[in-house]
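Please open the structure in your viewer and keep the sequence beside it. The tour proceeds by selections, each followed by a short account of what is there.

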Amino acid sequence: MSDLLQTLVQAFDRMSGAYEVMARRLSGQIEQLEAERTALRGQISDLSQQQAALLRSNQDLARLTADLSGKVALLQHRTEEVVRQDQLKSDLLATVSHELRTPLTSIKGALSVLLTEDPPAPEVRAEFLGIAHQNVGRVMRLIGNFLNLTQLEAGQIGLSLRPLDLAEVLAASVEQVRGLAAERRVSVQVEPFAAPVPLTGDPERLESVFINLLDNAVKFSPEGADVAVRVQADPQWVTVHVRDRGPGIPPDEVPRVFERFFRGSPAVTRQLPGSGLGLHISKVIVEAHGGRIGVESRLTEGSTFTVSLPRGGSRPGV
Amino acid sequence: MPVVLLAEDEPDIVKLVTYILRREGFSVLTATTGGEAIAVARRGEVDVILLDIMLPELDGYGVCAALREDPLTRHLPVVVMSARAQAKEVKRGLEAGAVSYITKPFEPAQLTEQIRAALAAGAVRKAQGGAGDDRHR
């Protein structure tokens with residue numbers, strides 16, 4: 001019996017020894033795992049820091065890209081603008097050249113005939129002198145518009161304001177387009193109004209405004225039609241309406257007619273002389289007087305241009 | 001009497017050129033649009049065409065091209081008369097088939113001289129077979 005007990009005790013001792021060894025080994029392994037876990041945690045936090053940094057630089061890059069494409073677009077826009085201005089300038093040059101050469105052809109032709117025929121028949125003389133005179137007027141109006149434009153571009157409209165009678169300015173303007181109107185068999189009717197119409201303004205500049213409006217009205221009128229001029233006056237404002245029976249202005253072009261160099265669709269303006277300057281210059285002059293210019297138009301029925309001027313002229317700073 | 005077709009839309013220039021050409025012994029027909037010019041040319045009475053470039057509807061270049069394509073009008077000499085005076089425009093007019101290009105404003109003498117020269121060129125062309133396409137051979 002004691003032998004059996006002894007054997008059991010010895011076996012138990014061996015087992016517990018083995019357990020101890022195993023326990024020690026296990027706890028060693030656990031410690032190692034703990035250490036690895038800590039190391040991994042460190043790596044994870046490093047990685048997420050790196051990820052955050054990458055994200056930030058990504059955002060920076062996106063911002064830079066957006067910035068750059070904004071700048072590229074701006075540059076492209078400016079380049080297009082320069083090209084457009086360049087095109088506008090060469091178009092203007094071609095227009096000016098054409099607009100000057102055409103009346104000069106008539107003047108030169110008429111004078112050559114008058115010079116080579118000795119003496120020319122009276123009706124030839126009268127007709128050709130009329131043509132020359134008429135076309136000198138056309139050249140002068142064109143040059144007047146260009147001079148006005150150059151001064152406007154330089155920002156020096158320089159109105160010389162004085163008391164004037166608008167009735168006289170209107171009468172002089174109508175006189176300037178009589179020849180063209182007769183040639184196109186268009187009658188210019190001024191509705192009676194109480195003259196004089198005193199106001200303060202620059203008579204030469206205002207005359208060029210009304211000449212531009214009347215010239216357009218006559219130019220766009222069909223043969224035999226009339227152009228009507230109507231004046232309305234109250235103590236503060238004078239308003240002049242110039243109505244034609246022309247083809248009218250397409251609604252999408254109405255907001256653009258006062259733009260510099262704007263010319264209507266070729267279908268309408270192709271056969272008509274013009275530089276696209278008259279209305280732009282008129283608007284600048286009227287606004288420099290503190291006034292307003294506008295147009296109402298119906299296709300196939302005609303257009304009415306309206307100029308309103310304050311009777312006191314422009315006030316400084318207004 | 002040689003017949004000139006004047007294709008021009010400026011009324012004053014039509015009056016003056018018609019007067020000058022009639023005084024120099026030409027008979028003058030007129031057209032104020034490109035389409036009208038082609039229609040008159042096809043009627044067969046015309047010997048030479050004096051053609052403006054800035055015509056409404058169909059411009060002078062278009063008129064030249066249409067005249068060259070049509071056997072009825074192919075042989076007709078064309079003198080261009082235009083206010084477009086840049087070298088490239090003159091070149092384009094001559095390439096379109098004009099025998100000469102006069103820039104506005106011009107001397108009346110220059111006009112009649114060019115028309116006589118064009119008529120002579122047209123007569124030569126006609127004598128060579130009338131087709132006027134000898135430049136393509």
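Begin by selecting B:L50, which stands opposite B:V79 in β4(B). Strands here are DSSP runs (E, at least two residues) and helices are DSSP runs (H or I, at least four residues), numbered from the N terminus. The model is predicted: local features need pLDDT of at least 70 and side-chain atom pairs pLDDT 80 or more, while totals for chains, interfaces and linings use all residues. Residues are numbered from 1 along each chain as its sequence is written, with chains lettered from A and ligands numbered from 1 in the order written.

Next, select residues 48-51 and 78-82 of chain B: these strands, β3 and β4, run parallel and are joined by three bridges. Two strands pair if DSSP finds at least two bridges between them.

Extend the selection to the open sheet of five strands in chain B, ordered β2-β1-β3-β4-β5 with parallel pairing. Because β2 (27-31) and β5 (100-103) of chain B each have a single partner strand, one side of each is left without a neighbour in the sheet.

Now turn to chain A and select β3, residues 198-201. Four bridges join this strand to β1 (residues 162-165) of chain A, and the two run antiparallel. Within this pair, A:R162 stands opposite A:G201. In β3 of chain A, A:L199 and A:G201 point to one face and are buried, whereas A:P198 and A:T200 point to the other and are not. Buried means that 20 or more other C-beta atoms, placed from the backbone, lie within 10 Å of the residue's own.

Finally, select the whole of chain A: it has six helices and seven strands.

How values were computed
A residue is buried if 20 or more other C-beta atoms lie within 10 Å of its own, exposed if 12 or fewer, and partly exposed in between; C-beta atoms are placed from the backbone.
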